[in-house]
Amino acid sequence: MRGDAKTRVAVGMNVQVRSLPAGFTARALVAAGPGIVPAYDAWGNALRGNYARTPAAADADATLRYIGVLTDNAGGHYYYNYDYSDGLNYEDSLVRFLARSRASGVHFGWLQLDSWWYPKSTWNPQEQIKSVKNPALPAQAWNRYGGLLEWKADPGVFPDGMAAFHKRVRMPFLAHNRFIDKDSPYHKRFAISGLAGIDRRYWTELARYASDSGVATYLQDWLSAIYNFSPELHALAGKGRAFTDGMASAMAARGITMQYCMPFPLHILQGAKYPNLTTIRAAGDGLTRSKWTQLAFNARLIREVGAWPATDVMPSGDTAAMLFATLSAGPVGVGDAFEQLDRANIMKAARADGEIVKPDEPLTPLARSYVSQARKTGEPILASTFTRHGNRTTAYLLAFADNPQKGRTDFSVSPAELGFKNRVAVFDPQAQTLATMNAADTISGSLSGPDAYAYRIIAPISRSGIALIGDLDKFVPMGRKRVTAYRDIAGGAVLEISSAANERELTITGYAASPITARAQGGSVGSVVRDANTGLFKVKLRSGGKTSLKLFLTLNRRS
């Protein structure tokens, strides 16, 4: 892309391209709309249509369906580290961690294996590195931070191989890979361009190993470095496509999904071609508060190519990070040691069986935040996402300061900006307060504290005078993994609630203009409480040990 995006926009070849093969063609896609968000939607629809790309399902693989464990940089306890002080090796440390987590009621659904598990060199074209990554651990080939030598488990990590480790932990892996080393033995067997494998036989070998070893999702990291240090990818038509096409087709043939990490926009756009590319990292390492702006805006681009944005590792005790990751609708992965696991926060993101209770779409900025960012006004960023049950939409609004260090900031937004046309109930989970208002009224508040954010849940008030907020023990209380179906009926509403087998009790919250009664199928109603001043009600349910139940709420009409 060329031009300043104000007076001129142009599309052309990289300056390194000196020749093109006969018959080469290139096309450019331009989309326009009445606003930023409609234009983005039009562009995304056209792009996916061009490749017949169906967006990845919200639970397309284990990383999207379950809460998981991340062992990577910027917060993963097991990143080039294990419990050697307890006399354990790497494999036994992970086995013990997962067994203790299950025994405590925390059911992780996948495990990420970062770059620590395979042999590497001491050469890195991007930065100066030491001979070992962690001096406290053995100076073996896996304990390095250079190029990939061979994508196989180092015996110093998994003595009997990764497949044997998989049998011990019984969960799918998200397995990391990086750039190919300049002296890797792969150069003798496959076509390698710079740091990139462009030989289909290379990808076939990796995919076979992944399939045999319990890898459900292949994570290609260092994409920006691979591109920067592989000159032919810049200059020769077809080389870059051989890299990404080979990877996608080999993994797809084995039923393996993919995650891109540290991509350039060109990688994200290329991802529109690959149905098994389910997630793309939307920012750098670690889900810190400083990453929120980048994550929210990149989520829109990633969503339009048909994938889900991936946040990075976080401590489960960081409530703000856990909330943001859940609202992103992508993977939610924590990196704590067992003793630091915050079970309360984990259970706000997921059910007791580990399934994430999340929105239907990624958290993305409202149109006005694109303008305020471009103009550098310093206004808070307003981002939203939704759960839609038929024609009923529940909105989740996150307002956050672009720079949380600037002190207190106020925000305001109308329900109409979120798509509502009639009266709504607005719930503040932090203050535990509820208000009702018209669509043209204002939702407002202050952003203060170290994380400088505010969270609101907005639900439409039906003709019966009921608005369902959902299960407030979850960050996303109306998420489909909790409320699987919801419809209005004369005088009330019907919800179908999904619960894990070991969830005995839960509470459904909402607003009612007058007292309600509740009855349940598949479980029982413990109590119904309503605040006469605010209309906020809470219905406690007992599941009876079943996996699902239906709750019927009916407005008690008064003369």
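These entries record what I looked up in a predicted model.

**Entry 1, conventions.** I am working on a predicted model, in which local features need pLDDT of at least 70 and side-chain atom pairs count only at pLDDT 80 or more, while totals for chains, interfaces and linings use all residues. Residues are numbered from 1 along each chain as its sequence is written, and side-chain values use heavy atoms, with hydrogens and water left out.

**Entry 2, largest pocket.** I looked up the largest pocket and found about 2,400 Å³ of space in it; a pocket is an open set of points on a 1 Å grid over the protein atoms alone, where a 1.4 Å probe fits, with protein on both sides within 12 Å along at least five of seven lines. The volume is the space filled by probe spheres set on the points, which are joined across faces, edges and corners. The lining, meaning residues with an atom within 4 Å of a point, has 47 members, of which Met1, Val11, Arg27, Leu266 and Leu269 are closest to the centre. Two or more lining residues come from each of H1 (36-50), H7 (231-235), H8 (239-253) and H9 (265-270), helices being DSSP runs of H or I with at least four residues and strands runs of E with at least two. H1 gives the largest share, 6 residues.

**Entry 3, largest nonpolar core.** I then turned to the largest nonpolar core, a set of buried Ala, Val, Leu, Ile, Met, Phe, Trp, Tyr and Cys residues joined through side-chain atoms within 4.5 Å, where buried means under 20% relative accessible area with a 1.4 Å probe and protein chains only. Of its 135 residues, Phe108, Trp117, Trp151, Leu398 and Leu468 touch the most other members, and helix H11 (residues 319-327) gives the most to this core, with 7 residues. Setting aside neighbours within four places in sequence, I list among the contacts of Leu398 (heavy atoms within 4.5 Å) Trp292, Leu323, Phe324 and Leu327.

**Entry 4, helix H11.** I noted that H11 is largely enclosed by the rest of the structure, because 8 of its 9 residues are buried. Its buried residues, including Leu323 and Phe324, pack against helices H10 (292-304) and H12 (343-349) and strands S10 (333-334), S12 (381-389), S13 (392-400) and S18 (453-460). Just after H11, Ala329 has a positive phi of about 70°.

**Entry 5, helix H5.** I checked H5 (residues 200-212), whose 13 residues reach 18 Å from first C-alpha to last, close to the 18 Å expected at 1.5 Å a residue; the expected span is 1.5 Å times one less than the number of residues. Among its buried residues are Trp203, Glu205 and Tyr209.

Terms used
Buried < 20%, exposed > 50% of the residue type's maximum accessible area, 1.4 Å probe, protein only.
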